[in-house]
Amino acid sequence: MMRLGLGERRRISCTVNGVARSGFAEGRTLLSDFLRHELNLYGTHVGCEHGVCGACTVILDSRLARSCGTLAMQADGAEITTIEGLGDSDREPALREAFSRHGALQCGFCTAGVLLSVKHFLQHNPKPSDGEIRDMLSGHLCRCTGYEGMVRAIAEVAEGQP
Ligand code: FES
Ligand code: FES
């Protein structure tokens with residue numbers, strides 16, 4: 001394993017939202033900080049910084065990851081999806097519209113992480129029960145919505161899926 005001295009930085013190369021990106025990180029640099037401050041992807045929010053709130057969630061090599069609990073070094077060579085990568089494909093427009101209509105977001109601080117979890121969740125469970133949706137949302141702290149709107153929005157989008 002490569003050892004870095006204090007303050008020493010190493011190039012990290014990864015594919016973010018389908019685009020090859022690279023930047024520099026110290027051994028202790030968190031993936032959330034790397035995405036925000038090295039790659040200027042500020043859509044990844046940072047709340048608790050200890051893996052609880054879910055605001056910093058990204059998709060890392062097809063798995064959900066708390067980017068505040070992941071070192072940038074661990075993402076070297078990886079494929080990452082951030083909120084900026086949720087474009088107009090698949091169910092993303094329907095999700096955005098349903099979140100808006102059901103009041104599933106207010107300040108929006110938690111929303112980037114929630115939407116990435118929903119994307120991953122529906123890929124693996126296209127027809128979830130309300131209980132499964134609530135269970136998935138338990139990984140995200142939202143101080144605004146009370147969650148009911150999120151459950152309704154996700155269920156509605158899932159319902160409309162082929
Ligand atoms: S900021 Fe990463 S889980 Fe809260
Ligand atoms: S919408 Fe404000 S924290 Fe969730």
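Which residue takes a positive phi in the hairpin of β1 and β2? The legends below, which describe a predicted model, begin with that hairpin and then move outwards to the sheet, the helices and the domains.

**View 1. The hairpin of β1 and β2, with N17 taking a positive phi near 55°.** Two residues lie between the strands of this hairpin, and N17 is the residue with the positive phi. The strands β1 and β2 run antiparallel and are joined by eight bridges. Within this pairing, R10 stands opposite A25 in β2.

**View 2. The open sheet of five strands, in the order β2-β1-β5-β3-β4.** The pairing in this sheet is mixed, and its edges are formed by β2 (19–26) and β4 (63–66), each of which pairs on one side only. Direction ignored, neighbouring strands are turned by 40° against each other on average. Strand β1 (residues 9–16) pairs in the parallel sense with strand β5 (residues 79–81) over two bridges, whereas β1 and β2 run antiparallel. Where β1 meets β5, T15 stands opposite E79 in β5.

**View 3. Helix α1 (residues 31–38) packed on the sheet.** Helix α1 touches β1 and β2, and the direction of the helix makes about 115° with that of β2.

**View 4. Helix α3 (residues 111–124) lying across β3, β4 and β5.** The strand used as reference for its direction is β3, to which helix α3 runs at about 40°.

**View 5. The crossing of helix α4 (residues 130–137) with α5.** The axes of these two helices come within 10 Å and cross at roughly 125°, which means that α4 is oblique to α5. The crossing in which α4 passes α5 is right-handed. On the α4 side the contact is made by D130, I133, R134 and L137, and on the α5 side by M150, V151, I154 and A155. Divided by class, the residues of this contact are six nonpolar, no polar and two charged.

**View 6. The crossing of helix α2 (residues 92–101) with helix α5 (residues 148–159).** Here the axes come within 8 Å and cross at roughly 145°, and α2 passes α5 in a right-handed crossing. From α2 the contact draws on A94, L95, A98 and F99, while α5 contributes A153, E156 and V157. By class, the residues in the contact of α2 with α5 are six nonpolar, no polar and one charged. Helix α5 thus appears in two of these views, in contact with α4 through residues including M150 and V151, and with α2 through residues including A153 and E156.

**View 7. The contact between domain 1 (9–85) and domain 2 (92–159).** The C-alpha centres of the two domains lie 22 Å apart, and 15 residues of domain 1 are in contact with 11 residues of domain 2. On the side of domain 1 that touches domain 2, strand β3 (residues 57–60) provides the largest share, with three residues. The residues on this side of domain 1 divide into eight nonpolar, seven polar and no charged.

Definitions and conventions: Residues are numbered from 1 along each chain as its sequence is written. Chains are lettered from A and ligands numbered from 1 in the order in which they are written. This is a predicted model: local features need pLDDT of at least 70, side-chain atom pairs count only at pLDDT 80 or more; totals for chains, interfaces and linings use all residues. Axes are lines fitted to C-alpha atoms, for helices over the stretch in contact, and angles run from 0 to 180 degrees between N-to-C directions. Helices (H or I, at least four residues) and strands (E, at least two) are DSSP runs, numbered from the N terminus. A crossing is left-handed if the near helix is turned anticlockwise from the far one by less than a right angle, and right-handed if clockwise. Two residues are in contact if their C-beta atoms, placed from the backbone, lie within 7 Å. Ala, Val, Leu, Ile, Met, Phe, Trp, Tyr, Cys and Pro count as nonpolar, Asp, Glu, Lys and Arg as charged, and the others, Gly among them, as polar. Domain bounds come from an automatic or database domain assignment. Two strands pair if DSSP finds at least two bridges between them. Angles under 35 degrees count as roughly parallel, over 145 as roughly antiparallel, 65 to 115 as roughly perpendicular and the rest as oblique.
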